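Work through the exercises below with the coordinates open beside you, and attempt each task before reading its solution.

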Amino acid sequence: MKKFVLSVFAASALIFASCSSDDDKNKDKEPIVEVNPDNFTLTIKDGEHVKLINTLEYNLTGPVIVEEGGKLTIPAGTVIKASGGTSAYIAVAQKGQIFINGEANNPVVMTSASANPAPGDWGGLVVCGQAPTNKGTSPTAEVSDLYYGGTNLSDNSGVIKYLRVEYTGAEYNGKKQFNGVSFFGVGNGTKVEYIQSYNGKDDGIEFFGGTVNGKYLVSTGSGDDSIDFADGWAGTGEYWYIKDGAKAGIEGSNNGDDFAQTPLTNATLKNISIVGGGSEGGLYIKEGGGKWNASNIYVDGFEVGVHLKNADSDPQSNQQVANGDITFNNIQFVGVDTKTDYAGDLPENFLQEGTNTGAGNGAELPDWAQGWTK
């Protein structure tokens with residue numbers, strides 16, 4: 001059992017979260033950390049373990065940074081309300097860990113504190129790991145300025161389960177903006193399941209390199225792409241439900257600076273529904289593309305089902321298709337005007353059409369997403 005000491009000072013509750021066990025001899029190993037739920041902004045240092053309390057509502061007013069060796073645990077039912085635009089976000093550094101322990105009937109919710117919430121009200125969740133990326137030896141995350149990448153395929157940044165993030169995507173400028181949840185070089189020792197991004201201003205969920213797998217993901221109402229992967233991501237995406245994003249349902253690329261950079265993006269995608277009609281297609285292959293092995297994909301309501309730039313502006317992506325390195329076996333198009341705008345001779349295995357369930361129920365919300373999503 002973990003121990004908590006509660007003190008009240010004026011109108012503010014100050015929670016002192018201790019990671020010590022009931023064994024008194026371990027008390028000094030993890031220092032007590034002061035947490036003010038009314039003004040939740042914090043740096044969790046090496047050896048510290050902060051556990052939030054789900055009977056309190058946390059007002060995120062500045063960054064919460066989990067540094068190397070630190071841990072943050074958020075139990076089921078916890079609500080975090082953020083204000084402050086780009087200054088309000090939660091970020092996990094390399095060798096730090098986060099444990100979001102939501103439940104199907106009691107998710108963790110991170111949302112806007114505004115009485116009239118809108119996309120971009122706050123930042124989002126950022127996790128940085130030590131798994132490979134093709135952006136260099138120690139690149140810096142687009143937001144949070146934390147380093148990521150390395151050689152540890154099984155790097156473990158913790159557990160994220162049954163989490164809903166709302167109204168994320170605060171913007172520094174046109175080239176620097178938060179997503180709902182961003183995974184930078186995160187390893188496959190990290191468990192990522194049952195996450196929804198709801199009405200974010202930029203991408204809903206994005207993988208920047210790494211090997212982490214994402215299962216049971218929902219992205220609805222994104223202001224940009226719904227789910228995005230890039231920079232050598234080599235993971236499996238399974239059971240994704242995507243609806244009403246402004247641009248691509250899924251955008252996948254290799255490297256925006258050097259389309260052929262290695263290690264190549266190597267994505268396995270299966271059991272996915274993409275619904276809505278964004279301006280960049282159901283699936284958008286760009287900036288080198290990498291390798292895609294996709295099956296049981298359902299695409300509904302787009303002008304273009306599978307979109308590519310032309311071979312002059314993105315020769316590498318088009319070559320990956322021509323080589324047979326990107327395959328959809330099988331895929332179903334419903335209410336799609338043009339199945340693909342790839343201009344070359346279609347490889348035999350590029351688009352194998354079938355009748356699919358996608359994430360479980362075609363265009364409708366699947367059973368596994370009922371209750372905890374919005």
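## Exercise 1: The enclosed space

The lining of the largest cavity is made up of five nonpolar, six polar and two charged residues. Bear in mind throughout that the model is predicted.

Task: establish how many cavities of 30 Å³ or more the structure holds, and find which lining residues are closest to the centre of the largest cavity.

Solution. Begin with the count: the structure holds one cavity of 30 Å³ or more. Next take the volume, which for the largest cavity is about 30 Å³. Finally, turn to the lining, where 13 residues take part and Asp 244, Gly 245, Gly 249, Val 275 and Phe 302 are the closest to the centre of the cavity.

## Exercise 2: The open space

Task: describe the largest pocket by its volume, by the residues closest to its centre and by the classes of its lining residues.

Solution. The first step gives about 650 Å³ of space in the largest pocket. In the second step, the 30 lining residues are ranked by position, and Glu 142, Glu 206, Phe 208, Asp 228 and Glu 251 prove the closest to the pocket centre. The third step assigns the lining to secondary structure, where β15 (176-177), β18 (205-208), β20 (227-230), β22 and β24 (283-286) are the elements that give two or more residues. The last step sorts the lining by class, with 18 charged residues alongside six nonpolar and six polar ones.

## Exercise 3: The nonpolar cores

Task: identify which residues touch the most other members of the largest nonpolar core, and list what Phe 328 touches beyond four places in sequence.

Solution. The largest nonpolar core has 65 residues, and within this set Phe 183 and Phe 328 touch the most other members. Leaving out residues up to four places away in sequence, Phe 328 touches Leu 283, Ile 285, Trp 292, Ala 294, Ile 297, Val 306, Asn 349, Phe 350, Leu 351 and Gln 352. Another core, of 14 residues, lies apart from the largest one, and its members include Ile 65, Val 143, Tyr 148 and Ala 170. As background, nonpolar side chains in soluble globular proteins tend to be buried together.

## Exercise 4: Salt bridges across the sequence

Task: for the salt bridges Glu 57 to Lys 81, Lys 135 to Asp 257 and Lys 374 to Glu 166, determine which parts of the chain are linked, and decide whether Glu 166 is buried or exposed.

Solution. The structure holds eleven salt bridges, and three of them are treated in turn.

1. Glu 57 and Lys 81 meet through their side chains at 3.6 Å, N to O. Glu 57 belongs to strand β6 (residues 57-66) and Lys 81 to strand β8 (residues 79-82), so that this pair links distant parts of the chain, 24 residues apart. Glu 57 is partly exposed at a relative accessible area of 41%, and Lys 81 is partly exposed at 29%.

2. Lys 135 and Asp 257 form a salt bridge of 2.8 Å, N to O. Lys 135 is in the loop between β12 (125-128) and β13 (158-166), Asp 257 is in the loop between β22 (250-253) and β23 (266-275), and the two are 122 residues apart. Lys 135 is partly exposed, at 30%, whereas Asp 257 is exposed, at 69%.

3. Lys 374 and Glu 166 meet at 3.6 Å, N to O. Because Lys 374 lies in the segment after β29 (351-353) and Glu 166 in strand β13, the pair ties together parts that are 208 residues apart in sequence. Lys 374 counts as partly exposed at 46% relative accessibility, but Glu 166 is buried, with a relative accessible area of 4%. Salt bridges with shared partners join Arg 164, Glu 166 and Lys 374 into one network.

How values were computed:
Residues are numbered from 1 along each chain as its sequence is written. This is a predicted model: local features need pLDDT of at least 70, side-chain atom pairs count only at pLDDT 80 or more; totals for chains, interfaces and linings use all residues. Side-chain values use heavy atoms; hydrogens and water are left out. A nonpolar core is a set of buried Ala, Val, Leu, Ile, Met, Phe, Trp, Tyr and Cys residues joined through side-chain atoms within 4.5 Å. Buried means under 20% relative accessible area, exposed over 50%, partly exposed in between (1.4 Å probe, protein chains only). Contact means heavy atoms within 4.5 Å. A salt bridge is a side-chain nitrogen of Lys or Arg within 4 Å of a carboxyl oxygen of Asp or Glu. Helices (H or I, at least four residues) and strands (E, at least two) are DSSP runs, numbered from the N terminus. On a 1 Å grid over the protein atoms alone, a cavity is a set of points where a 1.4 Å probe fits but cannot get out, and a pocket is an open set with protein on both sides within 12 Å along at least five of seven lines; lining residues have an atom within 4 Å of a point. Grid points are joined across faces, edges and corners, and a volume is the space filled by probe spheres set on the points. Ala, Val, Leu, Ile, Met, Phe, Trp, Tyr, Cys and Pro count as nonpolar, Asp, Glu, Lys and Arg as charged, and the others, Gly among them, as polar.
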